[in-house]
Amino acid sequence: MSLLIAAMLLPAILAGCGKRQPASHPPAQAPAPAPASSPASQPQTKLGPPGSSPRSGPPPATERRPVVPGEYVEEGVASWYGIPFNGRRTSNGEIYDMHEFTAAHRTLPFNAVVRVTNLRNGKQTQVRINDRGPFVADRVIDLSLSAAEAIEMVGPGTAQVRLEVIAGPSSVTGFFAVQIGAFREQENAQRLKVEMESRNLPVSIATYDSPSGLLYRVRVGRVPTEADANQLAGQLRSTGQVTTFVVRLDE
């Protein structure tokens with residue numbers, strides 16, 4: 001079980017939150033992205049505050065659908081990340097640009113467009129999910145620097161927010177797992193994998209090229225709903241002191 005306790009410590013290095021230097025130019029205020037029903041010709045790579053126009057066009061038509069009010073609403077703590085993650089590859093293969101309006105979320109599908117409301121001051125922004133995280137307990141989303149500036153949370157570093165999916169792929173379809181550890185040494189990840197497999201649990205190891213070096217993430221299960229994954233996470237926590245994160249499987 002000491003291996004599981006050690007696994008609790010490493011996910012924190014994945015978090016991108018921090019009080020880093022703000023950008024010299026705040027995001028420009030402009031017209032809101034086109035409604036989900038309008039045609040599109042190229043992927044949207046940059047969003048902005050509500051009322052801003054995307055800099056690279058709307059999401060692909062194959063990913064757009066009518067907005068269902070209240071389909072996905074989540075409240076929790078947001079953090080933000082910039083340097084040293086800026087310029088590194090995100091989980092969906094893009095290069096992270098902290099001046100774009102993007103974010104990391106553990107379970108929402110890539111290219112989901114999310115309205116983020118700072119519950120302290122009511123300010124809103126819209127971001128596109130292109131990364132995974134934050135792997136810190138009690139945080140629900142990691143915003144880019146520009147998105148954090150738009151809702152005035154750069155200085156505090158975190159804020160209580162509401163997330164609302166307003167466009168993009170379905171947030172409920174897919175497969176989910178429970179991450180129970182992240183290791184710098186592959187041998188340690190492999191030992192935990194073998195231990196979990198001895199309990200007849202399906203286990204996988206995913207690599208992540210973090211700013212501090214390559215990490216090996218140990219994930220348990222492959223279930224069709226987030227609710228099933230949350231149930232599995234509760235069962236794993238009950239077996240000992242282990243930090244669990246429900247994640248979407250993107251393979």
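**Strand 9 and its surroundings**

Biologist: How many of the 11 residues of strand 9 are buried?

Modeller: In this predicted model, eight of the 11 residues of strand 9 are buried, and the strand as a whole is mostly covered.

Biologist: And which way does strand 9 run against strand 8, parallel or antiparallel?

Modeller: Strand 8 and strand 9 run antiparallel and are joined by eight bridges, and the two form a hairpin that has two residues between them. Within that pairing, Asp 209 stands opposite Leu 214 of strand 9.

Biologist: What about strand 7, how many bridges does that one make with strand 9?

Modeller: Strand 7, residues 176-183, pairs with strand 9 over six bridges, again in the antiparallel sense. One contact to look at is Phe 183, whose bridge partner in strand 9 is Tyr 216.

Biologist: I keep clicking on Ile 180; where is it found, and is it buried or exposed?

Modeller: Ile 180 is found in strand 7, and its relative accessible area is 3%, which is under the 20% cut-off, so Ile 180 is buried. Its C-alpha atom is separated by 7.3 Å from that of Val 220, although the two residues are 40 apart along the chain.

Biologist: Stepping back, how many helices and strands does the protein have, and in what order do the elements run?

Modeller: The protein has four helices and 10 strands, and from the N terminus on the elements run α-β-β-β-β-β-α-β-β-α-β-β-α-β. Of the 251 residues, 51% count as buried.

Biologist: Changing topic, how much space lies in the largest pocket?

Modeller: The largest pocket holds about 300 Å³ of space, and 15 residues line it.

Biologist: Which of those lie nearest its centre?

Modeller: The residues nearest the centre of the largest pocket are Thr 90, Ser 91, Thr 207, Tyr 208 and Arg 217. Two of these residues also interact with each other in a way worth displaying: Arg 217 lies over the face of Tyr 208, at 4.2 Å from the ring centre.

Biologist: Which strand gives the most to that lining?

Modeller: Strand 8 does, with four residues, while strand 8 (203-210), strand 9 (213-223) and strand 10 (245-248) each supply at least two.

Biologist: And by class, what does the lining of the largest pocket look like?

Modeller: The lining of the largest pocket has nine charged residues, three polar and three nonpolar.

Biologist: What about cavities, how many of 30 Å³ or more are there?

Modeller: The count comes to three cavities of 30 Å³ or more, and the largest cavity has a volume of about 60 Å³. Its lining consists of Tyr 81, Phe 85, Arg 88, Arg 89, Thr 90, Tyr 96, Asp 131, Tyr 208 and Asp 209, which by class gives four nonpolar, one polar and four charged residues. Thr 90 and Tyr 208 appear in this list and also among the residues nearest the centre of the largest pocket.

Biologist: I see several rings in that list; which of them are linked into a cluster by ring pairs?

Modeller: Ring pairs link Tyr 81, Phe 85 and Tyr 96 into a cluster, and the count for the protein comes to three aromatic pairs. For Tyr 81 and Phe 85, the ring centres are 5.5 Å apart and the planes stand at 75°, over the 60 degrees needed, so the pair is edge-to-face.

Biologist: Are those two buried or exposed?

Modeller: Tyr 81 counts as buried because its relative accessibility is 4%, and Phe 85, with a relative accessible area of 8%, is buried too.

Biologist: What is the geometry of the pair that Phe 135 and Phe 245 form?

Modeller: Phe 135 and Phe 245 form an edge-to-face pair, at 5.6 Å centre to centre and with 90° between the planes. The pair links distant parts of the chain, 110 residues apart, with Phe 135 in the loop between strand 4 (124-131) and strand 5 (139-143) and Phe 245 in strand 10. Phe 135 counts as buried because its relative accessibility is 2%, and Phe 245 likewise counts as buried, at 5%.

Biologist: Last one: which residue lies over the face of Phe 110?

Modeller: Arg 132 lies over the face of Phe 110, at 4.3 Å from the ring centre.

Definitions and conventions: Residues numbered from 1 in each chain as written. Predicted model: local features only at pLDDT ≥ 70, side-chain atom pairs only at ≥ 80, totals over all residues. Heavy atoms only, no water. 1 Å grid on protein atoms, 1.4 Å probe; cavity = no way out; pocket = protein on both sides within 12 Å on 5 of 7 lines; lining within 4 Å. Points joined across faces, edges and corners; volume = space filled by probe spheres on them. Nonpolar A, V, L, I, M, F, W, Y, C, P; charged D, E, K, R; others polar. Phe/Tyr/Trp six-rings, centres within 6.5 Å; stacked < 30°, edge-to-face > 60°. Buried < 20%, exposed > 50% of the residue type's maximum accessible area, 1.4 Å probe, protein only. Lys NZ or Arg CZ within 6 Å of the ring centre and 35° of its normal. Pairing = 2+ DSSP bridges.
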